[in-house]
Amino acid sequence: MGNLGEIAALLLFLLSFLLISPPTHAFYLPGVAPRDFQKDDELQVKVNKLSSTKTQLPYDYYFLDYCKPPKIMNSAENLGEVLRGDRIENSVYAFKMRRDETCKVACRTKLNQEAVKKFKEKIDDEYRVNMILDNLPVAVPRQRRDGSQVPSHEHGFRVGYKLKDGHYYINNHLSFKVMYHKDPESEDARIVGFEVIPSSIKHEYTEWDDKNPKLSTCNPNIKIAPGSHSPQAVAADTYVIFTYDVTFEISQIKWASRWDTYLLMNDDQIHWFSIINSLMIVLFLSGMVAMIMMRTLYRDIAKYNQLETQDEAQEETGWKLVHGDVFRPPINSGLLCVYVGTGVQFFGMTLVTMIFALLGFLSPSNRGGLTTAMVLLWVFMGLFAGYSSARLYKMFKGTEWKKITLKTAFMFPGIVFAIFFVLNALIWGEKSSGAVPFGTMFALVFLWFGISVPLVFVGSYLGFKKPAIEDPVKTNKIPRQIPEQAWYMQPAFSILIGGILPFGAVFIELFFILTSIWLNQFYYIFGFLFIVFIILLITCAEITIVLCYFQLCSEDYHWWWRAYLTAGTSALYLFAYAVFYFFTKLEITKMVSGILYFGYMLIVSYAFFVLTGTIGFYACFWFVRKIYSSVKID
């Protein structure tokens with residue numbers, strides 16, 4: 001019990017640490033070096049994708065007829081950015097540092113029938129325009145629903161709006177506000193905030209001059225506010241004039257905490273106490289489980305070791321009776337080795353990613369950093385996948401290690417890649433920038449075949465060279481007959497019951513993760529996620545051990561696959577929750593977007609199955625070896 005007490009104490013310590021310092025100011029390394037700007041330095045606004053939570057299909061900014069610079073240049077992107085559909089390009093919006101501008105004309109565009117159709121579609125689907133200045137995404141200030149005065153922001157501004165009369169209006173005037181923090185010693189200043197208030201205005205002019213446009217709707221002394229002028233309708237063969245204001249405002253926010261605004265995006269504070277409540281319930285259950293196990297087992301082992309006469313030995317019941325069959329290799333033992341190896345690979349990737357995120361290396365300002373880290377770590381963890389599957393396979397006295405290695409290298413990534421490829425084809429069919437280009441697809445295949453597969457083989461070779469794991473007891477030649485099982489010990493029932501507890505440990509955190517993925521929020525409470533992850537590990541291990549113990553007590557020795565599936569079924573509940581989330585929280589109406597959602601959630605659930613199943617399997621494997629090596633068997 002000492003071990004469990006230490007774990008509980010450690011968890012309580014981590015919890016108290018998190019409570020003392022709640023992540024309202026999340027800890028992160030800003031990810032980019034600060035840039036100092038002098039007065040009148042050139043500031044270039046970059047444009048990112050158009051995004052919508054209704055369709056989940058990102059589009060390139062220039063997909064709509066916005067003002068284009070003479071040459072559109074794509075900024076350097078990492079793998080994660082491309083996979084997320086980010087396309088960061090230059091724009092016509094340029095400022096001079098700390099110099100306010102009023103009603104500056106960006107350009108005049110004539111809308112044709114095609115452009116009008118696109119604008120109307122994007123307004124219907126509630127698309128938002130994302131811009132970036134000095135690596136800060138643009139935010140739109142808004143009133144909180146609960147009426148409190150705490151500032152709240154939305155990501156990006158809307159393309160336009162539609163009134164009840166069925167007319168569409170475009171947001172063609174942008175009022176930017178740039179907040180800067182000034183160095184008291186020098187003239188240097190750093191940008192710490194970037195906000196915009198969009199408005200629709202039908203600009204008027206007497207005669208158009210491209211070189212020096214004069215607008216009668218612009219007054220240098222009066223700021224344009226939403227609703228102050230008649231709005232600009234979206235109609236074919238009309239000219240739309242895009243204009244912008246910029247004001248600079250000194251701010252007390254330090255450069256290091258400039259991301260706090262974005263990390264506080266959600267409407268209300270995270271429900272601390274409900275999460276702590278769930279952690280406490282899980283801890284309590286874990287303690288109870290461990291106590292039952294230790295007490296029952298110690299009593300059993302002591303009783304078995306005291307049996308002296310042969311008559312008593314014949315009367316023994318329960319788990320000791322199956323000692324001659326408990327290490328008999330299961331059916332499809334090769335497949336089990338493959339899945340365990342894949343689970344180890346996934347566990348390694350998750351653990352290292354979380355430690356990096358916990359230390360603040362995967363800051364949200366490093367766009368796509370998290371996705372890139374996960375893909376690369378998955379590839380390099382192939383070494384451990386090969387090693388663990390080969391070790392297990394050798395224990396099962398298997399001889400075709402190359403076949404198992406190939407399956408380990410190709411099975412899980414192959415299935416995921418096939419689903420991903422189909423989803424990508426659908427996105428490509430919608431002409432969305434979220435479609436992964438051929439070059440990136442080739443890079444992913446290269447990472448898989450060129451690095452991951454060879455590493456799996458290296459791991460397998462090393463694992464197979466090692467001496468086989470010895471069983472603590474000998475296996476009988478003839479399999480023992482399994483007695484009739486009670487209804488509650490039937491495999492299907494106990495497996496389905498086993499998945500509830502691990503899912504219960506993570507489902508509240510899962511709500512926030514789904515919200516950050518599908519509702520365009522930043523997720524940055526990795527400290528909390530790490531605690532939930534540890535609790536998931538403990539819960540998976542303990543529920544599997546308990547159910548495995550009951551199974552062995554009822555003289556059923558087919559525990560290998562059941563141990564894997566007991567913890568793994570939590571993925572079934574995860575997918576069911578994803579379905580519930582889709583119908584209650586999301587406003588997705590498009591068929592393609594629905595397929596995308598369920599396709600990606602299927603990949604996530606499959607990965608969760610492999611991860612939790614492997615944890616359950618190894619816990620049970622350790623437990624079974626431990627109890628059978630503790631008893632005297634003649």
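This briefing walks through the fold, the salt bridges, the disulfides and one enclosed helix of the structure above. The model is a predicted one, and its chain averages a pLDDT of 85. Its 634 residues are 52% buried, and the secondary structure comes to 17 helices and 13 strands. A search of the whole structure turns up 21 salt bridges, and the structure also holds two disulfides.

**Confidence**

- A pLDDT of at least 70 is reached by 89% of the residues, against a chain average of 85.
- Residues 1–28 are a stretch to treat separately, since their pLDDT is below 50. Beyond near neighbours in sequence, this stretch still has 47 contacts in the model.

**Overall fold and surface**

- Take the contacts between residues at least 6 apart in sequence: 83% of them join residues at least 24 apart.
- The chain exposes about 30500 Å², and carbon and sulfur atoms supply 63% of that area.

**Salt bridges**

- K162 pairs with D124 in a salt bridge, with the closest N and O atoms 4.0 Å apart. K162 belongs to strand β9 (residues 160–162) and D124 to helix α3 (residues 113–124), so this pair ties together parts that are 38 residues apart in sequence.
- Both ends of that bridge have some exposure: K162 is partly exposed at a relative accessible area of 45%, and D124 is partly exposed at 35%.
- R128 forms a salt bridge with E154, and here the closest N and O atoms are 3.1 Å apart. R128 sits in strand β4 (residues 128–133) and E154 in strand β7 (residues 152–155), so the bridge connects parts that are 26 residues apart in sequence.
- Within this strand-to-strand pair, R128 is buried, with a relative accessible area of 16%, whereas E154 is partly exposed, with 23%. The two fall on opposite sides of the cut-off because buried means under 20% relative accessible area.
- R562 and D556 make another salt bridge, their closest N and O atoms being 2.9 Å apart. Both R562 and D556 are buried.
- K49, R84 and D86 are joined into one network by salt bridges that share partners.

**Disulfides and cysteines**

- C67 and C107 form a disulfide, with their sulfur atoms 2.0 Å apart. The torsion about its S-S bond is about -80°, so this disulfide is left-handed.
- This bond links distant parts of the chain, 40 residues apart: C67 lies in the loop between β1 (42–51) and α2 (79–84), and C107 lies in strand β3 (residues 101–110). C67 and C107 are both buried.
- C103 and C218 form a disulfide as well, with a sulfur-to-sulfur distance of 1.6 Å. Here C103 is in strand β3, while C218 is in the loop between β12 (189–199) and β13 (239–250), 115 residues away along the chain.
- C103 and C218 are both buried.
- With the bonded cysteines of the chain numbered in sequence order, the pairing reads 1-3, 2-4.
- C553 is in no disulfide, and the nearest cysteine sulfur, belonging to C548, is 9.5 Å away. C553 is partly exposed, with a relative accessible area of 28%, while C548 counts as buried at 3% relative accessibility.

**Helix α15 and its surroundings**

- Helix α15 covers residues 560–568, and seven of its nine residues are buried, so the helix is largely enclosed by the rest of the structure.
- The buried residues of α15 are W560, R562, A563, Y564, T566, A567 and G568. R562 in this list is also the salt-bridge partner of D556.
- The cover over these buried residues includes α7 (333–358), α9 (382–395) and α12 (491–498). It also includes α14 (526–553), α16 (570–585) and α17 (591–630).

Note on methods. Residues numbered from 1 in each chain as written. Predicted model: local features only at pLDDT ≥ 70, side-chain atom pairs only at ≥ 80, totals over all residues. Heavy atoms only, no water. Helix = DSSP H or I, 4+ residues; strand = E, 2+ residues; numbered from the N terminus. Buried < 20%, exposed > 50% of the residue type's maximum accessible area, 1.4 Å probe, protein only. Contact = heavy atoms within 4.5 Å. Areas by Shrake-Rupley, 256 points an atom, 1.4 Å probe, with all protein chains shown as cover. Salt bridge = Lys/Arg side-chain N within 4 Å of Asp/Glu carboxyl O. Disulfide = S-S within 2.5 Å. pLDDT = per-residue confidence, 0-100.
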